[in-house]
Amino acid sequence: MSQLKHTPLHGLHLELGGKMVPFAGYEMPVQFPLGVKKEHEHTRAACGLFDVSHMGQILLHGPRPAEALETLVCADIVGLPEGMQRYALFTGQEGGILDDLMVANPGDGTLYLVVNAACKEQDVALLETGLVDHDHRVEVLDRGLLALQGSKAAEVMRRHCPEACEMVFMQHGRFEIGGMPVWISRSGYTGEDGFEISVAADDAEALARRLLAEAEVEPIGLGARDSLRLEAGLCLYGHDIDTETTPVEAGLIWAIGKPRRHGGERSAGFPGADLILHQVDAKDHRRKRVGLLGEGRAPVREGAELYSEEGQHIGKVTSGGFGPSVGQPVAMGYVDIEHAAVGTTVHAEVRGKRLPMVVSKMPFVAPGYYRGS
């Protein structure tokens, strides 16, 4: 087994009592002494600080980088305004999802990408080989990445970088906090308002300590990050989306930019476009990602098989657990399209018993994203 990597905040995690576990090749805190449930609730009620430095941070240099990147993703990157970021998907020739990522336009002629930790080596290789004819350079950054998330995130940020609080959801900018240059986007993975802050690796611990000194802020581990994103209906790559899943099946049609799917000159320029756009137009995909709400308190975990009321096998759970904010079991998974309508009762098999769940709208909690007053 290869040695686990450490983020720039590893020493601080140990100091704060983080319970460390292997995750995507890194040793990461799954929880702190507060515990997963309380960390989840604290983020919703106040503010949590997450270390997401294991994610891949990349700058794409070269002429017309947006046009180049559109040959690999289905998002509208050419139309991405300066100072904004957009959710995107790397797609394969067979229509499956190779990874999901964020793409920001800093306005300096580059594109800033944040990719999943488990996929970053393959993503870098994909960019380097896929864009070789476009004369582009892929720069892998050695930076920390912190996520300040929660209903009071803006209140905290206003004390350190009030300019960043002028941004709305999915805006991106470059600022300073305590003399440290930072790249900030108003976004996150919890369903709450918040900020993702990229900072030089050598400054990451100082920035984290500065934010943790605020009364509202607690350190939050991977456990609560997972339950928060599940309640928010957000996909986890390798679980809810993968190479066997198309954007249409995953309910991510909105991530296919409108100029990429309406027959224009840019509509067929990404891998798997023929199959994906056929599914968009013909609506003939056979399965769909859905939200599921359970009864009682017994969580339904990833891998649980799903059955119709008549006992027919119809799908599988891809993420699941108990939703602290919802107060009942929540899950998402894939079911046959005939059983995907909201309100449909299905049954999840857990330890030999079949527990009823109801197909439900996502997100399971109302989002707190700041879109302006």
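**The C-terminal span**

Select residues 287-365 of this predicted model. Over this span the chain is 0% helix and 57% strand, and the C-alpha atoms at its two ends are 24 Å apart. The UniProt record, an unreviewed entry, places the feature "domain: Aminomethyltransferase C-terminal" here.

Within the selection, proceed to Pro363, in the segment after β19 (353-360). The peptide bond leading from Met362 to Pro363 is cis, with omega near 5°. Most peptide bonds are trans.

Then step back to Lys283, which is found in the loop between α8 (273-282) and β14 (287-294). What is the sign of phi at Lys283? The value is positive, near 50°, in a residue other than glycine. Lys283 counts as exposed because its relative accessibility is 64%, and the cut-off for exposed is over 50%.

**The N-terminal span**

Next select residues 9-257. The same kind of record, an unreviewed UniProt entry, assigns "domain: GCVT N-terminal" to these positions. Helix makes up 24% of the span and strand 31%; its end C-alpha atoms lie 36 Å apart.

**Helix α7**

Select residues 222-231, which form helix α7. Is this helix largely enclosed or largely open? Of its 10 residues, 9 are buried, so α7 is largely enclosed by the rest of the structure. The buried set comprises Leu222, Gly223, Ala224, Arg225, Ser227, Leu228, Arg229, Leu230 and Glu231. Colouring by residue type will show that Arg225, Arg229 and Glu231 are among these buried positions. Just after the helix, Gly233 takes a positive phi of about 70°.

**The nonpolar cores**

Now display Leu148, Met157, Ile184, Phe195, Ile197 and Leu207. These residues have the most contacts inside the largest nonpolar core, which has 27 residues. Two or more core residues come from each of β3, β9 (143-149), α5 (153-160), β10 (172-177), β11, β12 and α6.

Centre the view on Ile197. Which residues does Ile197 contact, leaving aside its neighbours within four places in sequence? They are Gly144, Leu145, Leu146, Leu148, Met157, Val182, Trp183, Ile184, Leu207 and Leu211.

A second core, separate from this one, has 21 residues. To locate it, select Leu72, Leu80, Val115 and Leu131, which are included in it.

**The cavities**

If the viewer can draw internal surfaces, switch them on. Rolling a probe the size of a water molecule over the atoms shows where empty space is left. How many cavities of 30 Å³ or more does the structure hold? There are 4.

The largest cavity has a volume of about 90 Å³. Select Leu9, His13, Phe32, Leu49 and Pro219, which lie nearest its centre among the 13 lining residues. The elements giving two or more residues to this lining are α1 (10-15), β3 (47-51), α6 (204-212) and β13 (217-220). The largest share, 3 residues, comes from β3. By class, the lining has 11 nonpolar residues, 1 polar and 1 charged.

Move on to the second largest cavity, with about 70 Å³ of space. To outline it, select Gln85, Met102, Tyr112, Val114, Leu145, His172, Trp183, Ser185, Glu196 and Ser198. Strands β7 (111-115), β11 (180-185) and β12 (194-200) each give two or more residues to the lining. This lining divides into 5 nonpolar residues, 4 polar and 1 charged.

Two residues of this lining, Leu145 and Trp183, also appear among the contacts of Ile197.

**Two buried loop residues**

From Tyr112 and His172, which line that second cavity, turn to Pro106, which contacts both of them. Pro106 lies in the loop between β6 (97-105) and β7. Leaving aside neighbours within four places in sequence, its contacts are Glu82, Leu111, Tyr112, His172 and Arg174. Is Pro106 buried or exposed? Its relative accessibility is 18%, so Pro106 counts as buried.

Draw a distance from the C-alpha atom of Pro106 to that of Gln171. The two residues are 65 apart along the chain, and the separation is 9.8 Å.

The last stop is Met170, in the loop between α5 and β10. Its phi is near 75°, a positive value in a residue other than glycine. Most residues other than glycine have a negative phi. Met170 is buried, with a relative accessible area of 14%, whereas Lys283, with a positive phi as well, counts as exposed.

Terms used. Residues are numbered from 1 along each chain as its sequence is written. This is a predicted model: local features need pLDDT of at least 70, side-chain atom pairs count only at pLDDT 80 or more; totals for chains, interfaces and linings use all residues. Side-chain values use heavy atoms; hydrogens and water are left out. On a 1 Å grid over the protein atoms alone, a cavity is a set of points where a 1.4 Å probe fits but cannot get out, and a pocket is an open set with protein on both sides within 12 Å along at least five of seven lines; lining residues have an atom within 4 Å of a point. Grid points are joined across faces, edges and corners, and a volume is the space filled by probe spheres set on the points. Helices (H or I, at least four residues) and strands (E, at least two) are DSSP runs, numbered from the N terminus. Ala, Val, Leu, Ile, Met, Phe, Trp, Tyr, Cys and Pro count as nonpolar, Asp, Glu, Lys and Arg as charged, and the others, Gly among them, as polar. A nonpolar core is a set of buried Ala, Val, Leu, Ile, Met, Phe, Trp, Tyr and Cys residues joined through side-chain atoms within 4.5 Å. Buried means under 20% relative accessible area, exposed over 50%, partly exposed in between (1.4 Å probe, protein chains only). Contact means heavy atoms within 4.5 Å. UniProt positions are given in the numbering used here, feature names are shortened, and annotations may be inferred rather than shown by experiment.
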